[in-house]
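Please look over the sequence and the structure below. The paragraphs that follow go through the contacts with DNA, then the arrangement of the chains, and end at one residue.

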2 protein chains.
Amino acid sequence: MKKNTGPKKMDDIARLAGVSKPTVSRALQDSPLVSDETKQRILDIAKRHGYVVNRSAQNLRRRRTDTIAVVIDFPHLPENRLSDPFHFELLANIANALAVRQQDVLLCSERSAHQGGFEHMLANKGVDGIILLGQAGRHEEFRALAKAGVPFVVWGAHRADASYCILGSDNPLGGRLVAQRFRSLKRKRAMFLGPRGHLEIEQRHRGFAEAWGTAVEELEVPDLSFAASRNAMLKRLDSGKAAPDAVFAGSDTMAMGALSALRERGIVVPEACSVCGYDDSPSAVHHAPALTTVRQDTRLAGAILVERLMQIIQGTPAAPVLLPTDLVVRGT
Amino acid sequence: MKKNTGPKKMDDIARLAGVSKPTVSRALQDSPLVSDETKQRILDIAKRHGYVVNRSAQNLRRRRTDTIAVVIDFPHLPENRLSDPFHFELLANIANALAVRQQDVLLCSERSAHQGGFEHMLANKGVDGIILLGQAGRHEEFRALAKAGVPFVVWGAHRADASYCILGSDNPLGGRLVAQRFRSLKRKRAMFLGPRGHLEIEQRHRGFAEAWGTAVEELEVPDLSFAASRNAMLKRLDSGKAAPDAVFAGSDTMAMGALSALRERGIVVPEACSVCGYDDSPSAVHHAPALTTVRQDTRLAGAILVERLMQIIQGTPAAPVLLPTDLVVRGT
DNA sequence: GCTTTTTTTGAAATCGATTGCAAAGACTGC
DNA sequence: GCAGTCTTTGCAATCGATTTCAAAAAAAGC
């Protein structure tokens, strides 16, 4: 009569190796407290029997999970704030950077994360820290979070008064670079395209408008989608007013929407109108013509977000970081 | 002298409510064993004190984590990480379907998942089940996994002899649909473009070739990327051989690569050459001209993958599923 | 009013690891 | 040969919940 308790537990391995449970635990952690000989024997036995430590038990005892929550809005959820390939690019890079540090990634939708409030996510989701993609103006909430001692970092618009670690590209600079380029192309009727109330995009707008000097037409769109942007542009082009000869869109996806509308109305890009996006998402290169855009280095962003978060988890506060951007001139 | 043990534990709430720990636990689970009055009081106190159950402790005791691992890296296709928009689409839909069922998502790279082998992931990563995106010919490994009783489902190419639950679109049908369309357009020189050794793509190829009847030129590319596909096509067009007048690419990203090469060599699409992709990823619509492609319904796929996995976790075996596909005719 | 049943509650065991502390064994030095 | 170190090992407590089982309280039955 064998009692088959399913997967092996640490006690089983201990018995098989003729040692006690603590010794097995130490051997698996490569602790110097165990003699090399014993260690090797235990490791062998563990491997042979396919033993792995139970993560749930380990998490409980160590009060640490080596898991980080990444909170992101999914495109098809009702309020699609961040429906962009850019965010997935960023996610992939974050996941990579975390993997290097042996951390697991818990992917949370904005809604599920917010269920019990961010402040309870550590206990509630069993994670050691949080990476928030996109802040959408919840500055105050984040301030409180930081004060409560929750380890988190945010990807979003830089702001001088942030008491937490926020990482973002230099949006005003990006806007200025685009203005400069349009000026050097001798463009006259500049337009900015994007939704209102989105902090990062408003910073891009402001940087652009200030560097441009004279009036910038603002074309508002309801959200960040291709379709919304295309529709808004179509409507604008059909309004009878003189068409713009330089369009700066708040993201690549919106730029592509605008391009679609321009093409449809027979406005030739880049001859009759220059178009510039933001993000340098992969699709910008694939697009025909390839999109001129402001680059955000997602690889670097992912690496720094993770590095800072780890630092914060270890107790060292981390200051906001502003990432440089540059203009990638392509076919539009 | 207050002893500040950080976040509240269940015992604290019990004390505050003047009941015992088990009662609090039951109240939080809305168990019928607790009187409504007591339940309400406990819930109030818990909320007021911002109490949430500790997930690690809960996981350990319940021997269940309500967390599903999604493994998303393809082993021998380095370019194909999260970078293909299709996978990211699928991931988002899976995440969404899991959220509806109150399950969390642990995002695992192929490598980290494979660290200790899939068979140990449940204990090792602390998940209840696994969703594998892309199977890339590890049929035997999966067979063993299934035999070992690990709950998992796979997104990939259908095969008749699968002893595990595999879900995929009807790739041969997709290929046939494309062949039909090319035939109705009176095309003569058909080409298939894609890497070898990728099961799903080979099925598309086969369906296409069989339905086409006469010889199909095969253009091999090293991976699924835009660049690889563009390069391969450029090289082919420069070879001096007659250019194809109908190209079926194994994915949208590759189709866009091919389109880029065709455009560059002055071959007008769709007049001189028809192009068809596979996936119907969002970028297919955004592309100019909009891509004709075979649709894979990621929303449905995500929903079914999750539904089946839940079923398997509950002990009911689930058979493979073949999803229907259809051709979406657009501008190419 | 007193048993019987039903509804609520709590004591204690348990999930599977990690770790502080004490003890046993192996080495040193003199 | 024996006190004093240093290295290894194991006992027992602990992490924070859930669940079984028995007991107490309340309601019902007659």
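Which atom of Asn54(A) lies 2.9 Å from a phosphate oxygen of DNA strand C? The atom is a backbone N or O atom. The model is predicted, and the distances given here were computed from its atoms.

Asn54(A) is a starting point for looking at DNA strand C. Another contact with a phosphate oxygen of this strand is made by Tyr51(A), which places a polar side-chain atom 2.6 Å from it. Arg26(A) reaches a base instead: an N or O atom in its side chain is 2.8 Å from a base oxygen of DNA strand C. Around this strand there are 27 residues, and those that come nearest are Met10(A), Ser25(A), Tyr51(A), Arg61(B) and Arg63(B). Both chains therefore appear in that list of nearest residues. Sugar or phosphate supplies 61% of the atoms of DNA strand C that lie within 4 Å of the protein, and bases supply the rest. The surface near the strand draws at least two residues from each of α2 and α4 of chain A and α2 and α4 of chain B. By type, its residues divide into 11 nonpolar, 8 polar and 8 charged.

The other strand to consider is DNA strand D. It is surrounded by 27 residues, and the closest are Arg61(A), Arg63(A), Met10(B), Ser25(B) and Arg61(B). Of the atoms of DNA strand D that come within 4 Å of the protein, 58% belong to sugar and phosphate. Two threonines of chain A make contacts of this kind. Thr23(A) has a polar side-chain atom 2.8 Å from a phosphate oxygen of DNA strand D, and for Thr38(A) the corresponding distance to a phosphate oxygen is 3.1 Å. A base is approached by Ala57(B), which has a backbone N or O atom 3.5 Å from a base nitrogen of DNA strand D. The elements that give two or more residues to the surface near this strand are α2 (21-28) and α4 (55-62) in chain A, and α2 (21-28) and α4 (55-62) in chain B. The most comes from α4(B), with 5 residues. The residues of this surface comprise 11 nonpolar, 8 polar and 8 charged.

How are the two protein chains arranged? Chain B is superposed on chain A by a rotation of 180° with 0.0 Å of shift along the axis, at an RMSD of 0.1 Å. The two copies are thus related as by a two-fold rotation axis. In chain B, the C-alpha nearest this axis belongs to Leu106(B), 2.3 Å away from it. Of the interface residues of chain B, 89% are also interface residues in chain A, so the copies meet through the same surface.

Within chain A, the domain assignment gives domain 1 (10-53), domain 2 (67-169 + 298-323) and domain 3 (171-295). Between the C-alpha centres of domain 1 and domain 2 of chain A there are 37 Å.

The last stop is in chain B, at Phe208(B), a residue of helix α10 (residues 199-212). Is Phe208(B) buried or exposed? Phe208(B) is buried, because its relative accessible area is 0%. Leaving aside residues up to four places away in sequence, Phe208(B) touches Gly175(B), Arg176(B), Val178(B), Ala179(B), Phe182(B), Ala190(B), Met191(B), Phe192(B), Val216(B) and Phe248(B). Ala227(B) is 19 residues from Phe208(B) along the chain, and their C-alpha atoms are separated by 24 Å.

Notes: Residues are numbered from 1 along each chain as its sequence is written. Chains are lettered from A and ligands numbered from 1 in the order in which they are written. This is a predicted model: local features need pLDDT of at least 70, side-chain atom pairs count only at pLDDT 80 or more; totals for chains, interfaces and linings use all residues. Side-chain values use heavy atoms; hydrogens and water are left out. Copies are superposed by least squares on the C-alpha atoms of residues with pLDDT of at least 70 in both. Contact means heavy atoms within 4.5 Å. Domain bounds come from an automatic or database domain assignment. A residue is near a molecule or strand if one of its heavy atoms lies within 4 Å of it. A polar contact is a pair of N or O atoms within 3.5 Å; within protein, one must be able to donate a hydrogen and the other to accept it, and residues adjacent in sequence count only if both atoms are side-chain atoms. Helices (H or I, at least four residues) and strands (E, at least two) are DSSP runs, numbered from the N terminus. Ala, Val, Leu, Ile, Met, Phe, Trp, Tyr, Cys and Pro count as nonpolar, Asp, Glu, Lys and Arg as charged, and the others, Gly among them, as polar. Buried means under 20% relative accessible area, exposed over 50%, partly exposed in between (1.4 Å probe, protein chains only).
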